[in-house]
Amino acid sequence: MTKTQKPGYRCAECGWRTTKWVGRCGECQAWGTVDEEGARAGVHVVQGGAVSAPALPIGQVKAEFARARTTGVGELDRVLGGGLVPGAVVLLAGEPGIGKSTLLLEAAASLARHETVLYVTGEESAAQVRMRADRIGAIRDQLYLAAETDLAALVSHVEKVQPRLLIVDSVQTIGSTQTTGVPGGVTQVREVTGNLVRLAKERGMSTVLVGHVTKDGSIAGPRVLEHLVDVVLHFEGDRHSRLRMVRCVKNRFGPTEEVGCFDLNERGIQGLADPSGLFVSRRSEPVAGTCVTVTVEGTRPLPAEVQALVGPTDAQQPRRSTSGLDPFRVTMILAVLERRLNARLSGCDVFTATVGGIRLNDPAVDLAVMLAVASAAGDRPLPPGLVVLGEVGLAGELRPVRDIRRRVAEAARLGFTRALVPAGSLDQDTPPPGEQDGDALRPVPVGRRPARTTALTSGFEVTEAENVWDALTHVT
């Protein structure tokens with residue numbers, strides 16, 4: 001007698017298998033992702049079928065069909081790697097009310113000046129989108145608007161309008177009658193996205209999908225959603241601030257980890273070509289507990305200010321609060337302060353934050369966090385005009401970081417006069433294109449008077465430090 005194979009169940013997120021259905025995956029702990037897989041008798045032999053186009057030598061493939069075209073929004077083009085590529089599918093995710101629809105409506109209106117654009121909304125009515133378009137001046141003859149939640153109706157609109165760009169806001173609101181489940185569920189999102197990707201590739205139509213995010217900030221839906229699309233963008237920003245940032249996480253056509261800065265106001269959303277200075281406070285006198293650093297987002301150096309507040313407490317467990325910084329890295333820096341510099345922080349609450357709502361994950365901000373906490377603990381302001389760069393190790397050493405010259409050049413352009421960097425940074429960093437040998441920055445050892453250079457601007461000083469003790473001695 002042959003043994004009957006039992007049906008199995010498989011998680012759509014991580015591939016975990018089980019012999020019985022469960023509501024939560026035992027591997028990745030995701031809810032509602034376990035579906036019946038069914039018994040498979042073996043591998044099915046697939047016969048050859050018709051091909052869409054014959055295979056060609058790679059040198060005969062026309063590359064102009066994959067060249068990006070500008071969206072008319074400079075900061076969005078920067079993140080996309082030059083613009084939208086025909087047939088590319090872009091996923092834009094962000095919190096509700098952050099400005100995703102406004103940004104896409106601005107881009108759609110810009111492209112609609114010379115090509116057909118179809119905007120499909122599933123969350124708002126057509127009248128609501130029209131009111132927003134009136135407010136930001138996005139009324140164009142070639143910009144078509146449809147309010148649909150059915151995938152079949154969406155495909156019909158595409159066949160009738162024949163757009164060069166399709167915007168779906170949002171993919172979680174579109175459902176297919178050919179698939180079980182409710183719109184927004186794992187099965188529905190996977191089915192809808194797969195059909196839209198196929199439609200975009202067949203027609204050479206650029207497609208932008210708006211996605212929701214979960215409580216922890218990750219993209220809602222199955223993980224396969226990010227694998228199906230070509231570009232993944234995250235829309236970030238504080239709801240109480242006008243500043244918005246679009247961060248590239250995945251891009252098959254350009255660089256990743258690029259960032260675009262925008263200003264969201266009552267007239268719409270405008271790109272900020274030069275956001276330098278937005279994350280630094282303006283004050284006439286130096287204040288204890290503040291330190292300026294320069295982070296690099298993609299290819300763009302951004303000066304940012306780190307603030308710290310240290311106060312005594314009677315609680316058995318002092319508070320360690322962070323905003324805009326990695327809490328685990330801040331905890332490590334505080335441990336180095338206590339162990340290597342004999343700082344007494346065990347009986348104090350320590351609060352650290354960034355200015356302007358920017359999130360700093362760059363290791364180059366470690367030294368700025370340490371000096372800001374030390375300045376707050378001693379109630380002694382750091383010297384004015386100082387920029388601090390460097391990664392802090394557990395042994396108290398300072399490690400060089402990338403793009404030192406670009407960071408220092410940006411600080412000098414904004415009027416800073418001094419820079420503190422790890423030892424050997426300028427020797428290891430490659431000079432930017434076009435920089436002459438005679439303009440190379442000359443490092444200055446700690447303990448000696450910093451030498452003035454003419455590499456960036458007259459009167460700018462660069463000092464090197466080997467460890468945190470040398471750095472603290474130099475600035476105090």
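## Ser101 and its surroundings

Leaving out residues up to four places away in sequence, Ser101 touches Tyr119, Arg132 and Asp169. The structure is a predicted model. Ser101 itself belongs to helix H2. Its relative accessibility is 14%, and because buried means under 20%, Ser101 counts as buried.

## The annotated binding site

In an unreviewed entry, UniProt places a "binding site" feature at Gly94, Glu95, Pro96, Gly97, Ile98, Gly99, Lys100 and Ser101. Of these residues, Gly94, Glu95 and Ile98 are included in the lining of the largest pocket.

Glu95 is located in the loop that runs between strand E4 (89–94) and helix H2 (100–111). With a relative accessibility of 44%, Glu95 counts as partly exposed, whereas Ser101, at 14%, counts as buried. When neighbours within four places in sequence are set aside, the contacts of Glu95 are Lys100, Val213, Phe235 and Arg239. One of these contacts, Lys100, is also named in the UniProt "binding site" feature.

## The largest pocket

The largest pocket holds about 580 Å³ of space. Its lining consists of 23 residues, and those nearest the pocket centre are Glu95, Glu236, Gly237, Asp238 and Arg359. Strand E9 (231–236) and strand E10 (243–251) are the elements that give two or more residues to this lining.

By residue class, the lining of the largest pocket comprises six nonpolar, nine polar and eight charged residues. Both domain 2 (68–273) and domain 3 (279–427 + 450–474) contribute to the lining of the largest pocket, with at least three residues from each.

## The second largest pocket

A volume of about 450 Å³ is computed for the second largest pocket. It is lined by 22 residues, among which Ser281, Arg283, Val292, Gly385 and Phe416 are the closest to the centre.

Strand E13 (290–297) and strand E14 (300–312) each supply at least two residues of the lining of the second largest pocket. The largest share, three residues, comes from E13. The lining of the second largest pocket divides into 12 nonpolar, six polar and four charged residues, while the lining of the largest pocket has six nonpolar, nine polar and eight charged residues.

## Domains and the annotated region

The domain assignment divides the protein chain into domain 1 (8–36), domain 2 (68–273) and domain 3 (279–427 + 450–474). Taken over C-alpha atoms, the centres of domain 1 and domain 3 are 45 Å apart.

The unreviewed UniProt entry also carries the annotation "domain: RecA family profile", which covers residues 65–213. Over residues 65–213, helix accounts for 40% of the chain and strand for 18%. The C-alpha atoms at the two ends of residues 65–213 are separated by 32 Å.

## The chain as a whole

The protein chain contains 11 helices and 22 strands. Along the principal axes, its C-alpha atoms fill a box of roughly 80 × 65 × 50 Å. Of the 476 residues in the chain, 47% are buried. Among contacts in the chain with a separation of 6 or more, 67% are between residues 24 or more positions apart.

Technical notes. Residues numbered from 1 in each chain as written. Predicted model: local features only at pLDDT ≥ 70, side-chain atom pairs only at ≥ 80, totals over all residues. Heavy atoms only, no water. UniProt positions renumbered as here; feature names shortened; annotations may be inferred. 1 Å grid on protein atoms, 1.4 Å probe; cavity = no way out; pocket = protein on both sides within 12 Å on 5 of 7 lines; lining within 4 Å. Helix = DSSP H or I, 4+ residues; strand = E, 2+ residues; numbered from the N terminus. Buried < 20%, exposed > 50% of the residue type's maximum accessible area, 1.4 Å probe, protein only. Contact = heavy atoms within 4.5 Å. Domains from an automatic or database assignment. Points joined across faces, edges and corners; volume = space filled by probe spheres on them. Nonpolar A, V, L, I, M, F, W, Y, C, P; charged D, E, K, R; others polar.
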